[in-house]
Amino acid sequence: MIRFILKIGMMLVAGILIYNFFFGTNEEKEQSRKIFGQLKDVVVSVSHLVKSEKQKYDAGKYDTALEKLGGAYQAVRKQAQYLDANLLKRLDELEQRKASLKAELDSIEQGERELSAAPSPKKGIRADPKAEKAKADKEADQQRRKEALQRELEQLFKDSETLLQQAQERK
């Protein structure tokens, strides 16, 4: 219900802006131009953010993070003689989650390679709409998987930090 109201509100605002842009007074036209200019700046900023995150992803941002977690887990294991069984069990659980995230990362990277290897239509040749929609759906799915991976990785870091703090306290 709230989503519907927000959509209607956005359409109403967009309609007013477009109307003022073409049929409003000089003041309304100037205000609409200013708003459209600011909207363009926001869209450009968001696209730069997405490109930056894609470059970080391609550069192995997540690989490095997972490797650092592995190193921290090994350090905790070396101190295992001082830890109780509960902490060791939680450490095993975190290592399993890390392995699962690594497998998901590998799967996402494979999907990225497949998407980039897909042939694009040649200039002047009209693309198949179904194929274009399928490719767009795959790209959207890849983006959702990346976002989910990022959230899971952040949660794993938080859980790992908590475990490491508990291990420090029990030393």
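Let me start with one contact: the side chains of Lys-102 and Asp-106 meet in a salt bridge, with 3.5 Å from N to O. The two residues are four apart in helix H4, so about one helical turn separates them. Lys-102 is partly exposed, at a relative accessible area of 33%, and Asp-106 is also classed as partly exposed, at 34%.

Before going on, a word on what we are looking at. This is a predicted model. The mean pLDDT of the protein is 78, and 84% of its residues reach 70 or more. Confidence is lowest in helix H3, residues 61-78, where the mean is 73. Helix H1 has the highest confidence, at 85.

The fold can be stated briefly. The protein has five helices and zero strands, so from the N terminus the order of elements is α-α-α-α-α. There are 171 residues, and 18% of them count as buried.

Back to the charged contacts. How many salt bridges does a search of the whole structure find? The number is seven. Side chains of opposite charge can pair when their charged atoms come close. I have shown you one in H4, and I will take two others.

In helix H2, Glu-30 forms a salt bridge with Arg-33, and the closest N and O atoms are 3.9 Å apart. The cut-off is 4 Å, so this pair counts. Glu-30 and Arg-33 are three residues apart in the helix, which puts about one helical turn between them. Are these two side chains buried or exposed? Neither word fits: Glu-30 is partly exposed, with a relative accessible area of 46%, and Arg-33 is partly exposed, with 44%.

The other example is in helix H5. Lys-133 and Asp-137 meet through their side chains in a salt bridge, at 3.2 Å from N to O. Both residues lie in H5, four residues apart, or about one turn of the helix. Lys-133 is exposed, with a relative accessible area of 52%. Asp-137 is partly exposed, at 40%. The line between the two classes is 50%, so Lys-133 falls on the exposed side of it.

Now the aromatic residues. A pair of aromatic rings is described by the distance of the centres and the angle of the planes. The count here comes to four aromatic pairs. In one of them, the rings of Phe-21 and Phe-22 have centres 5.1 Å apart and planes at 85°, so the pair is edge-to-face. Phe-21 is partly exposed, with a relative accessible area of 27%, whereas Phe-22 is exposed, with 52%.

Phe-21 has a further partner. Its ring and that of Phe-36 have centres 5.6 Å apart and planes at 85°, so this pair is edge-to-face as well. What does the pair tie together? Phe-21 lies in helix H1, residues 2-23, and Phe-36 in helix H2, residues 26-58, so the contact ties together parts that are 15 residues apart in sequence. Phe-36 is partly exposed, at a relative accessible area of 30%. If you want to see the whole group on the model, Tyr-19, Phe-21, Phe-22, Phe-23 and Phe-36 form one aromatic cluster.

Last topic, the pockets. Rolling a probe the size of a water molecule over the atoms shows where empty space is left. I will describe the second largest pocket, which has a volume of about 200 Å³. Its lining consists of Lys-54, Glu-112, Leu-115, Ser-116, Lys-135, Glu-139, Gln-142, Gln-143 and Lys-146.

Which helices each supply at least two residues of this lining? They are H4, residues 85-117, and H5, residues 129-169. H5 gives the most, with five residues. By class, the lining has one nonpolar, three polar and five charged residues. Leu-115 is in the lining, and Leu is in the nonpolar class, so Leu-115 accounts for the one nonpolar residue there.

To go back over the helices: H4 holds the Lys-102 and Asp-106 pair, and H5 holds Lys-133 and Asp-137. H4 and H5 also each supply at least two residues to the lining of the second largest pocket. At the other end of the talk's list, the edge-to-face pair of Phe-21 and Phe-36 joins H1 with H2. That is what I have for today.

How values were computed: Residues are numbered from 1 along each chain as its sequence is written. This is a predicted model: local features need pLDDT of at least 70, side-chain atom pairs count only at pLDDT 80 or more; totals for chains, interfaces and linings use all residues. Side-chain values use heavy atoms; hydrogens and water are left out. On a 1 Å grid over the protein atoms alone, a cavity is a set of points where a 1.4 Å probe fits but cannot get out, and a pocket is an open set with protein on both sides within 12 Å along at least five of seven lines; lining residues have an atom within 4 Å of a point. Grid points are joined across faces, edges and corners, and a volume is the space filled by probe spheres set on the points. Rings of Phe, Tyr and Trp (its six-membered ring) pair if their centres lie within 6.5 Å; planes under 30 degrees apart count as stacked, over 60 as edge-to-face and the rest as tilted. Buried means under 20% relative accessible area, exposed over 50%, partly exposed in between (1.4 Å probe, protein chains only). pLDDT is the predictor's confidence in each residue, from 0 to 100.
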